[in-house]
Amino acid sequence: MPKSYPVGEDEKVVRIMVYTIDALYWGDLVVKSQVRVSTWMRTNTAPDFFRLFDARLIYPGTGSQPQPLGFEELYVPTNQVLAYHLMPPLKEPLDYDPSEPNRRMEPVSIIAGTYRINGNMRLSTQSSLGKYIDITKEEFTPIYDADIINLITPSLGTVHAYFLLVRQHGVSFGITSKG
């Protein structure tokens, strides 16, 4: 189907999901072809707004099965974004070398508004989650192989994201007990 919004020859369309303190958004993002959307918010070219086309918005907790609101075009301020990822099953190549020595995946639980994100952080074998949070000053932290559920409206189901970014100072990080 032809898109009802402009897409230049040097652009691509990527469907994303965006989590804020009170809402879940999803829609089409039009970006330059060379932009890696998964890591975009970690760059100096990060936008002030996610401009979503053919967008939807849900306010979890507004009923057992909240109905999405639809918009032809919707602007989400990126300073309100707690987490975002490509809409599954979309994924981009890994942002690290899996054979890099002295690195490990640490299972973490993250609370982002009304969402719980169970995934993995890539840490040094000499580090811990606490040390990472104390030392790292980046705004967005990468999380890998994550399952996302809404704690207030579990009927929204589980979303599996291969990679997402979370706003380090907008979420809570937890380590769950083993076993």
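**Exercise 1. Identify which residues make the nonpolar surface patch of about 330 Å².**

Solution.
Step 1. The patch is made by I111, I149, L151 and I152. Note that the model is a predicted one.
Step 2. Place one of these residues in the fold. L151 sits in the loop that runs between β8 (140–150) and β9 (159–167).
Step 3. Check its exposure. L151 has a relative accessible area of 46%. Patch members need over 30%, so L151, at 46%, passes that cut-off. L151 counts as partly exposed.

**Exercise 2. Work out the strand order of the open sheet and find its edge strands.**

Solution.
Step 1. The sheet has 10 strands. Read across, the order is β4-β3-β2-β1-β5-β9-β8-β7-β6-β10. The pairing is antiparallel.
Step 2. Look for strands that pair on one side only. These are β4 (69–77) and β10 (172–174), the edge strands.
Step 3. Add the twist. From one strand to the next, it averages 35 degrees.

**Exercise 3. Describe how β3 is joined to β4.**

Solution.
Step 1. Strand β3 covers residues 49–58. Eight bridges join β3 to β4, and the two run antiparallel.
Step 2. Pick a facing pair. F53 stands opposite E73 in β4.

**Exercise 4. Classify the partners in the salt bridges D54 with R56, E100 with R103, and E106 with R104: buried or partly exposed?**

Solution.
Step 1. Recall the principle. Side chains of opposite charge can pair when their charged atoms come close.
Step 2. Set the cut-off. Buried means under 20% relative accessible area.
Step 3. Take D54 and R56. Their closest N and O atoms are 3.5 Å apart. D54 is partly exposed at 35%. R56 is partly exposed too, at 29%.
Step 4. Take E100 and R103. Their side chains meet at 3.6 Å, N to O. E100 has 33% relative accessibility, so it counts as partly exposed. R103 is partly exposed, with 38%.
Step 5. Take E106 and R104. The closest N and O atoms lie 2.3 Å apart. E106 has a relative accessible area of 14%, so it is buried. R104, at 24%, counts as partly exposed.

**Exercise 5. State how many salt bridges the whole structure holds, and name the residues of a linked network.**

Solution.
Step 1. A search of the whole structure gives 10 salt bridges.
Step 2. Find the network. R42, D95 and E138 are linked by salt bridges.

Definitions and conventions:
Residues are numbered from 1 along each chain as its sequence is written. This is a predicted model: local features need pLDDT of at least 70, side-chain atom pairs count only at pLDDT 80 or more; totals for chains, interfaces and linings use all residues. Side-chain values use heavy atoms; hydrogens and water are left out. Patches are made of residues with over 30% relative accessible area and no salt bridge: like charges are joined within 9 Å, nonpolar side chains (Val, Leu, Ile, Met, Phe, Trp, Tyr) within 5 Å. Accessible areas come from the Shrake-Rupley method with a 1.4 Å probe; for residues, only the protein chains shown count as cover. A salt bridge is a side-chain nitrogen of Lys or Arg within 4 Å of a carboxyl oxygen of Asp or Glu. Helices (H or I, at least four residues) and strands (E, at least two) are DSSP runs, numbered from the N terminus. Buried means under 20% relative accessible area, exposed over 50%, partly exposed in between (1.4 Å probe, protein chains only). Two strands pair if DSSP finds at least two bridges between them. Axes are lines fitted to C-alpha atoms, for helices over the stretch in contact, and angles run from 0 to 180 degrees between N-to-C directions.
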